[in-house]
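Work through the exercises below with the sequence and model open. Try each task before reading its solution.

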Amino acid sequence: MPDAPAPRPAARPARLWRPRRVLVTPAALDHAHGRAMLARLEGQGLPVERLPANRLTGLRGADPRRAYAQAKATLALVVAPPTKLRLQPIPPSADWRFDLAEGCPAHCQYCYLAGSLSGPPVTRVYANLDAILGNLASYAGHGAVTSASEARAGEGTTFEASCYTDPLGIEHLTGSLGAAIRHFGAWDAPVQLRVTTKFAAVEPLLGLPHNRRTRLRFSVNAAKAARYEGGTAPLPERLAAMGAAARAGYPVGLTIAPILAFEGWREGYAALIADAARALAGVPDLDLTAELITHRFTPGSKKVLEGWYPGSDLPMEEAARSRKLTKFGGVKYVFPRDLMAEMRGTLTALLARDLPAARVLYWT
């Protein structure tokens, strides 16, 4: 068991992303939330370009690295297309996935979005928030992922909002996450909003009327993996933010991802879990989950990531992995079976020892 918690240092202002370029489509300003976001962005002194049409153009270039850098520094206010209102299940996390935005300002060298999203990695934020949130009610009570699970049925119908973005990383620019939390807090039904983040700016969320219907999960990793997570909040800040959210009454979660087999991984993950236990020590009525996600990649994502981050030493050698087929017939590379079993046994034992309140939702 970890030692008694050390005194918590005075909170420092969380680091906030400032895009170098903001593009605003005409259609975005047909929506109240789009106009509110524009006012918020202009109020922060960001460079705003009002586009003449609803297409984002001029984002590709002959130099892929330059195009990537420009795209990652760009925020675009757009309207979510109708396909975004046809929700899809998102196992093993939640019954349904819905999107407040698409794209992320962070520079994680293992980025799960690589190969999943088409086009330059611009962060697109959706102006038609009322339609997005209003659409959710028709899916309540119809899930087949967590709602159909005897172990997780108590969560109600679950809605994942961070599949294609990190909502907290852009919340200071959009206000969309706070609006979603208030929406779920006022929704008198067995439902839950699920959000994962690698950022720490939780202060504006702490006083919201969440009614414990939002689970804020913090994606963390061992210290040796920090070099692969450019542009994110430092790990101690994320853990402190998790503690602050838990003390504000939020259900919280520890998402350990992606689990890597670096030299000394056992000691590295032991230190991480001990630090998390210290951050949560003394929280009354702690509602804590853990999700354990090992590193994997596809041929397509590897190619994209090698283009984005040439020279990265992130281990992605196919010969050191097991080749698996996805349910759609694609190929992915995961750790060998014996190593996976050892990792699972080690991390679940550490959680049971240091964070016995944590419910492990899944290992993948």
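Buried means under 20% relative accessible area, exposed over 50%, and partly exposed in between (1.4 Å probe, protein chains only). Helices (H or I, at least four residues) and strands (E, at least two) are DSSP runs, numbered from the N terminus. This is a predicted model: local features need pLDDT of at least 70, side-chain atom pairs count only at pLDDT 80 or more, and totals for chains, interfaces and linings use all residues. Residues are numbered from 1 along each chain as its sequence is written, and side-chain values use heavy atoms, with hydrogens and water left out.

**Exercise 1. Strand 8 and its partners**

Task: Find which residues on each face of strand 8 are buried.

Solution: Start with residues 123-126, which make up strand 8. On one side, T123 and V125 are buried. On the other, R124 and Y126 are buried. Both faces are therefore covered.

Next, look at pairing (two strands pair if DSSP finds at least two bridges between them). Strand 3 (residues 74-78) runs parallel to strand 8, with four bridges. Here L77 has V125 as its bridge partner. Strand 6 (residues 101-102) pairs with strand 8 in the antiparallel sense, over two bridges. E102 is bridged to R124.

**Exercise 2. The open sheet**

Task: Give the strand order of the eight-stranded open sheet, and say which strands stand at its edges.

Solution: The order is 4-5-9-10-11-13-14-17, with mixed pairing. Strand 4 (88-90) and strand 17 (359-363) are the edges; each has a single partner strand, so one side of each lacks a neighbour in the sheet.

Now move inward. Strand 9 (residues 157-160) and strand 10 (residues 191-197) run parallel, joined by four bridges. T158 has Q192 as its bridge partner in strand 10.

Then add the helices. Contact means heavy atoms within 4.5 Å. Axes are lines fitted to C-alpha atoms, for helices over the stretch in contact, and angles run from 0 to 180 degrees between N-to-C directions. Helix 5 lies across strand 9, strand 10 and strand 11 (214-220), at about 155° to strand 10. Helix 6 (residues 235-247) touches strand 11 and strand 13 (252-259), and makes about 165° with strand 11.

**Exercise 3. The lining**

Task: Sort the lining of the largest cavity by class.

Solution: A cavity is a set of points, on a 1 Å grid over the protein atoms alone, where a 1.4 Å probe fits but cannot get out; lining residues have an atom within 4 Å of a point. Among those lining the largest cavity are L100, V125, E171 and L177. Helix 4 (171-174) and helix 5 (176-186) each give two or more residues. Count Ala, Val, Leu, Ile, Met, Phe, Trp, Tyr, Cys and Pro as nonpolar, Asp, Glu, Lys and Arg as charged, and the others, Gly among them, as polar. The result is six nonpolar, three polar and one charged.

Terms used: 1 Å grid on protein atoms, 1.4 Å probe; cavity = no way out; pocket = protein on both sides within 12 Å on 5 of 7 lines; lining within 4 Å.
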